[in-house]
Amino acid sequence: MKIRTVYFKTKDMNKIIAFWKAFLNMEPHKTFDEWHEFALPNINLGFLKLENEETSGSNCVPVFEFKDNEVDIWIKRAKEAGAKLIFDELENPNILSAGFTDPDGNEFEISKFHD
């Protein structure tokens, strides 16, 4: 297991990316309308643009990455511990994650290994 990505939710992508570019002194390695990502040593720092929804749950989301044959075990463990499933995109090749909330509403994802 490793944390592959931590991402923040934002309503103003331009403002937040300008800040992080200046702070990190680097350009993001992925840039899409709704997603920007910086490749930092040992972790990716991402930003997800929210269009019409209010920020809910948590504003920062860790993405735990597992080998394909371990994902179901960790999903079962999360559910048994009390996590609630909020989305399942494990079969979507662009996402490969399932999103959950813990008992306090903090969001996290369980993801298949990305190359």
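Buried means under 20% relative accessible area, exposed means over 50%, and partly exposed lies in between. Keep these cut-offs handy as you work through this predicted model.

**Exercise 1. Sort Lys2 and Glu65 into buried, partly exposed or exposed, then find what joins them.**

Step 1: Lys2 has 45% relative accessibility, so Lys2 counts as partly exposed.
Step 2: Glu65 has 4% relative accessibility, so Glu65 counts as buried.
Step 3: A salt bridge joins Glu65 and Lys2, with the closest N and O atoms 3.6 Å apart. This pair links distant parts of the chain, since Glu65 sits in strand β5 (residues 60-66) and Lys2 in strand β1, 63 residues apart.

**Exercise 2. Extend the picture from Glu65 to Arg4.**

Step 1: Arg4 and Glu65 also meet through their side chains in a salt bridge, at 3.2 Å from N to O. Arg4 belongs to strand β1 and Glu65 to strand β5, 61 residues apart.
Step 2: Arg4 and Glu65 are both buried.
Step 3: Put together, Lys2, Arg4 and Glu65 form a network of salt bridges.

**Exercise 3. Describe the surroundings of Val6 in strand β1.**

Step 1: Val6 has 19% relative accessibility, and therefore counts as buried.
Step 2: Leaving out residues up to four places away in sequence, the contacts of Val6 include Ile43, Leu45, Cys60 and Pro62.
Step 3: Leu45 is 39 residues from Val6 along the chain, yet their C-alpha atoms are separated by 5.3 Å.

**Exercise 4. Find the side-chain partner of Lys9.**

Step 1: Lys9 lies in strand β1 (residues 2-10) and is buried, at 8% relative accessible area.
Step 2: The side chain of Lys9 makes a polar contact of 2.7 Å with that of Glu107.

Conventions
Residues are numbered from 1 along each chain as its sequence is written. This is a predicted model: local features need pLDDT of at least 70, side-chain atom pairs count only at pLDDT 80 or more; totals for chains, interfaces and linings use all residues. Side-chain values use heavy atoms; hydrogens and water are left out. Helices (H or I, at least four residues) and strands (E, at least two) are DSSP runs, numbered from the N terminus. Buried means under 20% relative accessible area, exposed over 50%, partly exposed in between (1.4 Å probe, protein chains only). A polar contact is a pair of N or O atoms within 3.5 Å; within protein, one must be able to donate a hydrogen and the other to accept it, and residues adjacent in sequence count only if both atoms are side-chain atoms. Contact means heavy atoms within 4.5 Å. A salt bridge is a side-chain nitrogen of Lys or Arg within 4 Å of a carboxyl oxygen of Asp or Glu.
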